[in-house]
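Here are my notes on this one, written with the coordinates open beside me. Have a look at the structure first, then go through the points.

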Amino acid sequence: MEVNFQIYLDDAAGCVRKGENMNQKELNRINELARKSKAVGLTDQEKEEQARLRRLYIESVRMNLRSQLDAIDVREKDGTITNLGEKYGDKTKH
């Protein structure tokens, strides 16, 4: 199963992924590291990996939410239709 998030991220860790989907393997790794952290703790390298994967996940959720919100059309009282993305969003970020 693959999650359909489009990611455009350039974080402090130097991770750049343009237009790639966050896959199930990465989501499983986030959960695996969370369980290991609670059970026995993480090495410094694993902590960095966990932070990087969490940033990717959060950014992908934000991008997905922004895309959904940008696609909402509202019918005004006068009958015109206003796209919220065009009115409030910056579509160039997608």
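1. A word on terms before anything else: a residue is called exposed when its relative accessible area is over 50%, and buried when that area is under 20%. Keep in mind that this is a predicted model.

2. The overall layout: the chain has three helices and four strands. Reading from the N terminus, the order is β-β-α-α-β-β-α. Buried residues make up 26% of the 94 in the chain.

3. Helix 1 covers residues 24-39, and its length checks out: 16 residues at 1.5 Å a residue should span 22 Å, and the end C-alpha atoms are indeed 22 Å apart. Its buried residues are Glu26, Leu27, Ile30 and Leu33. These cover an arc of only 120° around the axis, so they sit on the same side of helix 1. Turn to the face pointing away from that buried side and you find the exposed residues Lys25, Arg35 and Ala39.

4. Both ends of helix 1 deserve a look. At the N-terminal end, asparagine 23 acts as the cap, with a side-chain oxygen 3.1 Å from the backbone nitrogen of lysine 25. Past the other end, just after the helix, glycine 41 has a positive phi of about 95°.

5. Helix 2 gets the same length check. With 27 residues at 1.5 Å each, the expected span is 39 Å, and the end C-alpha atoms are 39 Å apart, which agrees. The buried set here is Glu46, Gln50, Leu53, Leu56, Glu59, Ser60, Met63 and Asp70.

6. How do helix 1 and helix 2 (residues 44-70) cross? Their axes come within 10 Å, at an angle of roughly 135°. Angles over 145 degrees would count as roughly antiparallel and 65 to 115 as roughly perpendicular, and the two helices are therefore oblique to each other. As for handedness, the crossing is left-handed.

7. One residue to click on is leucine 56, which belongs to helix 2. Why does leucine 56 count as buried? Because its relative accessibility is 0%, and the cut-off for buried is under 20%. Try measuring across to leucine 27 as well: the two leucines are 29 residues apart in sequence, while their C-alpha atoms are 10.0 Å apart in space. Leucine 27 is itself on the buried list of helix 1.

Key: Residues numbered from 1 in each chain as written. Predicted model: local features only at pLDDT ≥ 70, side-chain atom pairs only at ≥ 80, totals over all residues. Heavy atoms only, no water. Expected span 1.5 Å × (residues − 1). Buried < 20%, exposed > 50% of the residue type's maximum accessible area, 1.4 Å probe, protein only. Arc of directions from axis to C-beta. Polar contact = N/O pair within 3.5 Å; in protein donor to acceptor, adjacent residues only side chain to side chain. Axes fitted to C-alpha atoms, helices over the stretch in contact; angles between N-to-C directions. Parallel < 35°, antiparallel > 145°, perpendicular 65-115°, else oblique. Left-handed = near helix turned anticlockwise from the far one by under 90°.
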